[in-house]
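Thanks for making room on the agenda. I will go through one model briefly, starting from a single residue and working outwards.

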Number of protein chains: 2
Amino acid sequence: MIQLYDLAGARDDCRFSSNCWPVRMALLHKGLPFEAIPWRFTDKQTIAFSGQGLVPVLVDGDLTVFDKWKIAEYLEEAYPDRPSLFGGERGQALAHFVTNWTSSVIAGHAIRLILTDIFAVIHDKDKEYFRTSREQRFGMSLEAVVEDRDTGVGELRRSLQPLRMSLARTPYLSGDTPAWADYVAFGPFQWARSVSRFQLIKSDDPVFAWRSRMIDLFDQAANKVHILNT
Amino acid sequence: MIQLYDLAGARDDCRFSSNCWPVRMALLHKGLPFEAIPWRFTDKQTIAFSGQGLVPVLVDGDLTVFDKWKIAEYLEEAYPDRPSLFGGERGQALAHFVTNWTSSVIAGHAIRLILTDIFAVIHDKDKEYFRTSREQRFGMSLEAVVEDRDTGVGELRRSLQPLRMSLARTPYLSGDTPAWADYVAFGPFQWARSVSRFQLIKSDDPVFAWRSRMIDLFDQAANKVHILNT
């Protein structure tokens, strides 16, 4: 069976990674059985066989693939007879663009709203590593990063305008049914709701309704882990 | 022959609209002959037959279509045997996302850098309309909008990160060859170079190299109009 090394918090059922969730949903989309192995930030030895130290790492028989986008491309190529994640080469190129937009825009804004909430749910053995590495990246304390949430949440909401406009045309970013672009864009929302009660989007935002549709997919897969914000 | 009502400046060969350029390139992509009719902001009567007052307006025989995205969808459906603009339904949905991203992000930042330069090249008969409508939209004078270009250009450049990341994978946003997503994202760059000498992106930016590839398409179509910034 396919194995997915999946970031976990102190609780084994807290699976909050915005990078692992799209892979999990891609596996469900393809209908491939998998085991999601709980992994913590400091378990570098456990995934050393992949040649690097970050999850998601996917092991399929003899093959090891890391990086969410590389895994998506691998699954599409290795399982062409299963439902497509991209719908052809053009769709694949633009799904990559949405992956980039998600990382640099949605996740970039969202992390400034939930960084201390992530810190609160991670395993004790990860806390020093997390604080040190993130404080180095941001050049300030975790607490300072999230200090001005009210400004930050406004920036996040404004930045979602292209997604909002797409949802005025079709129920999913990828069209009438969801595909990789939806799974990847959903990642940061699932991340936030797994660790934080902070409300990223208003309940009357079309993005909120899309988020609800994403939660409902695959027999409510996104609710089968520990969640703090419905 | 297909007719495209195309925004022009004081000079008939100044065709600067970020919304008309994608349509022009889509027609070239499809290999459809067309006539691009110069039109000014205040020529509302000329396109009243379309039921609204903005270009692009495309007339194909008995059919009239307006709005760049609606025109792209029309061309794809009406000319399915010509090269595809989207590469299937998934590609079409995500090309719509790129259209939205271009309007709200690239064009949204770029207009704050070139607004007075647009004013300088438009027809005298359009000047009062342009100043009044834009000053109302921005809630300040044209000159005040572009006052802090140095901050604005930094924001624009940062906002291009998802495009930059895509160009690290393939030469065009749409993959190995260009399609609608490239044409629409190129719109604001062609707009800027048609009216302004202000440098939106640095020459060592991968986006700059992509912009050069876009200029080269269709026998350098983007250079066959009046240009201020090479």
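In which loop of chain B does B:Pro56 lie? The loop is the one between strand 2, residues 34-39, and strand 3, residues 57-60, of chain B. Before I go on, please keep in mind that this is a predicted model.

Let me stay with that proline. The peptide bond leading from B:Val55 into B:Pro56 is cis, and its omega is near 5 degrees. Is B:Pro56 buried or exposed? B:Pro56 has 26 other C-beta atoms within 10 Å, and the threshold for buried is 20 or more, so B:Pro56 counts as buried.

As for what surrounds the proline, I leave aside residues up to four places away in sequence. B:Pro56 then touches B:Leu4, B:Tyr5 and B:Asp6, and also B:Asn19, B:Cys20 and B:Val23. The remaining partners of B:Pro56 are B:Phe66, B:Lys68 and B:Ile71. For a distance across the chain, take B:Ser212, which is 156 residues from B:Pro56 in sequence; their C-alpha atoms are separated by 24 Å.

Chain A has a cis bond to show as well. There, the peptide bond from A:Val55 to A:Pro56 is cis, with omega near 5 degrees. A:Pro56 is in the loop between strand 2 (34-39) and strand 3 (57-60) of chain A.

Next, the helices of chain B. B:Val23, one of the residues touched by B:Pro56, belongs to helix 1 and takes part in the contact with helix 2. Helix 2 covers residues 68-78, and its axis comes within 10 Å of that of helix 1, with a crossing of roughly 10 degrees. An angle under 35 degrees counts as roughly parallel, which is why helix 1 of chain B is described that way relative to helix 2 of chain B.

On the helix 1 side, the contact uses B:Pro22, B:Val23, B:Ala26 and B:Lys30. On the helix 2 side, the residues are B:Lys68, B:Ile71, B:Ala72 and B:Leu75. By class, this contact has six nonpolar residues, no polar ones and two charged ones. B:Lys68 and B:Ile71 are also among the residues that B:Pro56 touches.

Helix 1 of chain B, residues 20-30, also packs against helix 8 of chain B, residues 180-195. At what angle do helix 1 and helix 8 of chain B pack? The angle is about 140 degrees, and the axes are 7 Å apart. Roughly antiparallel would need an angle over 145 degrees, so helix 1 of chain B is classed as oblique to helix 8 of chain B. The crossing of these two helices is right-handed.

Helix 1 of chain B contributes B:Trp21, B:Pro22, B:Met25 and B:Ala26 to this contact. From helix 8 of chain B come B:Trp180, B:Tyr183, B:Val184, B:Phe186, B:Gly187 and B:Gln190. These residues divide into eight nonpolar and two polar, with no charged residue. B:Pro22 and B:Ala26 appear in the contact with helix 8 and in the contact with helix 2.

Two backbone details in chain B deserve a mention. B:Asp67, in the loop between strand 4 (63-66) and helix 2 of chain B, has a positive phi of about 85 degrees without being a glycine. B:Asp67 is partly exposed, with 18 other C-beta atoms within 10 Å. B:Asp219 is also not a glycine, and its phi is positive at about 60 degrees. B:Asp219 lies in helix 9 of chain B, residues 206-220, and is exposed, with 8 other C-beta atoms within 10 Å.

Now chain A as a whole. Chain A has nine helices and four strands, in the order β-α-β-β-β-α-α-α-α-α-α-α-α along the sequence. Its C-alpha trace spans about 50 × 45 × 30 Å along the principal axes. For 230 residues, a compact globule would have a radius of gyration near 17 Å, and the 17 Å of chain A agrees with that. Of those 230 residues, 43% count as buried.

Last, the interface. How many residues of chain B are in contact with chain A? The number is 27, and they meet 27 residues of chain A. Helix 3 (89-121) and helix 7 (161-167) are the elements of chain B that give two or more residues to this side. Helix 3 of chain B gives the most, with 13 residues. By class, the chain B side has 13 nonpolar, eleven polar and three charged residues.

That is what I had.

Notes: Residues numbered from 1 in each chain as written. Chains lettered and ligands numbered in written order. Predicted model: local features only at pLDDT ≥ 70, side-chain atom pairs only at ≥ 80, totals over all residues. Axes fitted to C-alpha atoms, helices over the stretch in contact; angles between N-to-C directions. Parallel < 35°, antiparallel > 145°, perpendicular 65-115°, else oblique. Left-handed = near helix turned anticlockwise from the far one by under 90°. Contact = placed C-beta atoms within 7 Å. Nonpolar A, V, L, I, M, F, W, Y, C, P; charged D, E, K, R; others polar. Rg over C-alpha atoms; globule rule 2.2 N^0.38 Å. Buried ≥ 20, exposed ≤ 12 C-beta atoms within 10 Å, placed from the backbone.
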